[in-house]
Amino acid sequence: MSSVALRRFALALCLVASAASAQSPAPTIAAGPMVGASEMREVQLWVQTTAPARIQFVYWDTAAPGTKRRSAEVRTRDALANTAQVALGTLEPGRRYAYEVLINGKPAPRTYPLRFQTQALWQWRADPPAFRMALASCFYVNEPGYDRPGRPYGSEYEILDALNATAPDVMLWLGDNTYTREADWYSRSGFLARYSHTRALPQLQPLLGRTHHYATWDDHEYGPNDADRAFRDKRLALEAFNGFWANPAPALGPDAGVTTMFQWQDVDVFLLDDRWFRAPNNRKTGRRDYLGPTQLEWLIDQLTSSRAPFKLVAVGGQVLSPARIFENYANYVDEREQLLQTLAAERIPGVVFLTGDRHHTELTRLDRPGVPPLLDLTVSALTAGSNPNGINEPNTLRVPDTFVGVHNFGLLDFSGPRTDRVMTMSIRDVKGDVKWSRTIKASELR
């Protein structure tokens, strides 16, 4: 081929590529950005794009907006639904930052504030800062082509506006944070499509952009209803979970579920996995594992080592309710008793379980002579169908006047000096109105 023909051929290829590019819309943000795990000197950010793209974050200390920095550039890929996570390092403790997203080098503006914060270096210097943590579980977003026939199961998404208006520093998702359907359970594309659909809900976006999010899971994002350790594609579920949440590193290894922990100021939070090791509900022989011996031992080690005034243990299902119904821990008699006896023997103070699953909210309290009391705050449901009939369940340890059978979310406000910390629980409805609140001093749980 002559040089002239080669130039003409190259020109034709360029024209074809330009035409194809003109027909394909430029990638935009599909969901997020979302603020993830925060440490004193590092923060995780997450975003999802509509097509493969180059992603970069520009960020600046709000006290010095003239000095802007850029993150490393990463690429989103079809293989993981075009999601990306970026760690911003060498930050300063106790600072508040603003940020923006660049897609292929161009700003992708949002209509709401984008903020993150690093945790304070308060130890040996001052009292720990006050902060607010939001709690929720059972987040269902309708998709008519895949929902069961009849009345839609999800509703009142405006509750997210009310939640965002409370300006929490951190949000803890307690499981059933998305609801996979029959079409999703046995393929990577199914899991990724379900997560993508849930994450893209418009009412969710402002909350993602300025509040630090952490999550554990329960059966509905893990797989089929009541799924257990035998679920064939639990590794696909884990891959999707890790792709859409920016949690700290897993505590038991990369192929052992979602167990991990984090600190927020002076509070320790332990995220447990009630699916990966769980024995089938209907199995009659063998050991009745719920958390499993490895995870249980890890939890006890963590709790005995923790110096936090409040030790929050997040897990999908209710722990303290003695009602042996549905998937409550009470159905796993031996392991539950082992946990309770060990907590008593170790005399671990300040333990508060945070649970979801039940489609109603209630506070459960277990008092035992001579050992620290235990609390279990169940917060459910955010948008999935609510369960007002749960008030009739035989939870003999329910704290009076704490049952809520409508859509709701929880807030935990921590305040006070280091030696006298206080946690205020409040439950709010779709309008943000307080349904009930309780103030608990750390000294009460010693």
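Me: Where is Asn82 found in this predicted model?
Reply: Two strands flank Asn82. They are strand 5 (74-75) and strand 6 (83-88). Asn82 is found in the loop between strand 5 and strand 6.

Me: Is Asn82 buried or exposed?
Reply: Buried means under 20% relative accessible area. Asn82 has 6% relative accessibility, so it counts as buried.

Me: What is phi of Asn82?
Reply: Asn82 is a residue other than glycine. Its phi is nevertheless positive. The value is near 60 degrees.

Me: Is Trp124 buried or exposed?
Reply: Trp124 is found in the loop between strand 9 (115-117) and strand 10. Its phi is positive, about 65 degrees, although Trp124 is not a glycine. The cut-off for exposed is over 50%. At 89% relative accessibility, Trp124 therefore counts as exposed.

Me: Which residue has a side chain in polar contact with that of Tyr140?
Reply: Tyr140 sits in the loop between strand 10 (131-136) and helix 2 (159-165). Tyr140 has a relative accessible area of 7%, so it is buried. Residues it touches include Tyr153, Tyr157, Tyr179 and Arg181. The polar contact, 2.8 Å between side chains, is with Asp147.

Me: What distance separates the C-alpha atoms of Tyr140 and Ser155?
Reply: Tyr140 and Ser155 are 15 residues apart along the chain. Their C-alpha atoms are separated by 7.9 Å.

Me: Which residue does a cis peptide bond join to Gly32?
Reply: Omega of this bond is about 5 degrees. The partner is found in strand 1 (residues 29-38). It is Pro33.

Me: Which residue does a cis peptide bond join to Ser380?
Reply: Here omega is about 0 degrees. The partner lies in the loop between strand 18 (374-378) and strand 19 (409-415). It is Ala381.

Me: What is the radius of gyration of the protein?
Reply: The protein has eight helices and 21 strands. For 446 residues the globule rule gives 22 Å, and the protein's value is close to that, so it is as compact as a globular protein of that length. The radius of gyration is 23 Å.

Me: What percentage of the residues count as buried?
Reply: The accessible surface comes to about 19,000 Å². Carbon and sulfur atoms hold 52% of that surface. Of the 446 residues, the buried share is 57%.

Me: How far apart are the centres of the positive and negative side chains?
Reply: The positive set has 50 side chains. The negative set has 48. Their centres lie 5 Å apart.

Key:
Residues are numbered from 1 along each chain as its sequence is written. This is a predicted model: local features need pLDDT of at least 70, side-chain atom pairs count only at pLDDT 80 or more; totals for chains, interfaces and linings use all residues. Side-chain values use heavy atoms; hydrogens and water are left out. Helices (H or I, at least four residues) and strands (E, at least two) are DSSP runs, numbered from the N terminus. The radius of gyration is taken over C-alpha atoms; the globule rule is 2.2 Å times the number of residues to the power 0.38. Buried means under 20% relative accessible area, exposed over 50%, partly exposed in between (1.4 Å probe, protein chains only). Accessible areas come from the Shrake-Rupley method with a 1.4 Å probe; for residues, only the protein chains shown count as cover. Lys and Arg count as positive and Asp and Glu as negative; His and the chain ends are not counted. The place of a charge is taken as NZ of Lys, CZ of Arg, CG of Asp or CD of Glu. Contact means heavy atoms within 4.5 Å. A polar contact is a pair of N or O atoms within 3.5 Å; within protein, one must be able to donate a hydrogen and the other to accept it, and residues adjacent in sequence count only if both atoms are side-chain atoms. Lists of a residue's contacts leave out its neighbours within four places in sequence.
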